[in-house]
Amino acid sequence: MKKLIFLLLASFLGLPLMGQFTLKPNQLDSLVQLLVDAKEDTVKYELYMQLGTAYSFANPYNASQNFGEALKLARKIGNKSRITYCLLTISYFYSQTGEPAKSIEMAQEGLRYLEETNNDTSMPLAFIGENYEAQGDLTNALDYTRKAFKVYEKGLRNKIPLDERGYPAGPMRLGILFEKMEQLDSAEYYAEISYQRVLEKPLLPMMPYFLLPDM
């Protein structure tokens, strides 16, 4: 039963965030032309982000280039919300292209910005944990995933607005990690929490990239 729960949840949560944001060639051409014509840095930033997201799986090199330009502009503009938004998007991109060390680096920086502004840190903490797991470092993976879970649970108790796209992911990841570490009682405990959450609250559609409050 435990393995079945994990498989069901993974099938829902494994849907790529960015994979759902695809553009036809003529739409890509239009974005590129808009970028050529753009004068304001804020407009260029948004267009680079859209291009990076659109290229994420079709052309990872182009995606990386566009995300890199977006991050440069975000730093130039100096808006912390844009910087964080960009860092976490790039972190997710690197996690999907099999570059966990780069993903951790981006997520760690995004985490620092969120901590400075007292915003929800559960998403970057979860990213970091997942990427440590990808590297085979289960100790750090468990540490960061636990932190993510605690932050999210505290937010729920205090009725703080949270990103609900990963609603069952925290306990699911903990269950998987405990199973890998052969701590089966803990694995089953968190698997049951994940299962109950899916029953109580259907998963929301995933968006192309992160929506963060202004900072």
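**Notebook: rings and helix packing**

Started at Ala134, which counts as exposed because its relative accessibility is 59%, over the 50% cut-off. I'm working on a predicted model here. Ala134 has its place in helix H7. I looked for what sits across from Ala134 and noted Pro100: the two are 34 residues apart in sequence, yet their C-alpha atoms are 6.7 Å apart in space.

**Next door, Glu133**

Is Glu133 buried or exposed? Glu133 counts as buried, since its relative accessibility is 10% and the limit is under 20%. Glu133 is found in H7 as well. I then listed what Glu133 touches, leaving out residues up to four places away in sequence: Leu138, Ala141, Arg173, Ile176, Leu177 and Lys180.

**H7 against H8**

Two of those names took me to helix H8, so to speak, which spans residues 138–157. I checked the axes of H7 and H8: they come within 7 Å and cross at roughly 160 degrees. That makes H7 roughly antiparallel to H8, because the angle is over 145 degrees. The crossing of H7 past H8 is left-handed. For the contact, I wrote down Ser122, Leu125, Ala126, Ile128, Gly129, Tyr132 and Glu133 on the H7 side. The H8 side brings Leu138, Asn140, Ala141, Tyr144, Thr145, Lys147, Ala148, Val151 and Tyr152. So Glu133 turns up again, as part of the H7 contact with H8.

While on H8 contacts, I looked at Tyr144 and Lys147 together. Lys147 lies over the face of Tyr144, 4.9 Å from the ring centre.

**Ring pairs**

How many aromatic pairs are there? I count eight, taking rings whose centres lie within 6.5 Å. I looked at two of them in detail.

Tyr92 and Phe127 make a tilted pair, with 5.8 Å centre to centre and 35 degrees between the planes. The pair links distant parts of the chain: Tyr92 is in helix H5 (residues 80–96), Phe127 is in H7 (residues 122–134), and 35 residues separate them. Both Tyr92 and Phe127 are buried.

Phe178 and Tyr190 are stacked: their centres are 5.8 Å apart and their planes 5 degrees apart. Phe178 sits in helix H9 (residues 169–180) and Tyr190 in helix H10 (residues 184–200), so this pair ties together parts twelve residues apart in sequence. I checked burial for each one. Phe178 is buried at 3% relative accessible area, and Tyr190 is buried at 15%.

Which residues do ring pairs link into a cluster? I found Phe149, Phe178, Tyr189 and Tyr190, so the stacked pair of Phe178 and Tyr190 belongs to the cluster.

**H3 against H5**

H5 came up with Tyr92, and I went back to see how H5 sits against helix H3 (residues 41–55). The axes of H3 and H5 come within 12 Å and cross at roughly 15 degrees. H3 and H5 are therefore roughly parallel to each other, as the angle is under 35 degrees. H3 passes H5 in a left-handed crossing. Where do H3 and H5 meet? I noted Thr42, Tyr45, Glu46 and Met49 in H3, and Arg82, Tyr85, Cys86 and Thr89 in H5.

Key
Residues are numbered from 1 along each chain as its sequence is written. This is a predicted model: local features need pLDDT of at least 70, side-chain atom pairs count only at pLDDT 80 or more; totals for chains, interfaces and linings use all residues. Side-chain values use heavy atoms; hydrogens and water are left out. Rings of Phe, Tyr and Trp (its six-membered ring) pair if their centres lie within 6.5 Å; planes under 30 degrees apart count as stacked, over 60 as edge-to-face and the rest as tilted. Helices (H or I, at least four residues) and strands (E, at least two) are DSSP runs, numbered from the N terminus. Buried means under 20% relative accessible area, exposed over 50%, partly exposed in between (1.4 Å probe, protein chains only). A charge sits over a ring if NZ of Lys or CZ of Arg is within 6 Å of the ring centre and within 35 degrees of the ring normal. Contact means heavy atoms within 4.5 Å. Axes are lines fitted to C-alpha atoms, for helices over the stretch in contact, and angles run from 0 to 180 degrees between N-to-C directions. Angles under 35 degrees count as roughly parallel, over 145 as roughly antiparallel, 65 to 115 as roughly perpendicular and the rest as oblique. A crossing is left-handed if the near helix is turned anticlockwise from the far one by less than a right angle, and right-handed if clockwise.
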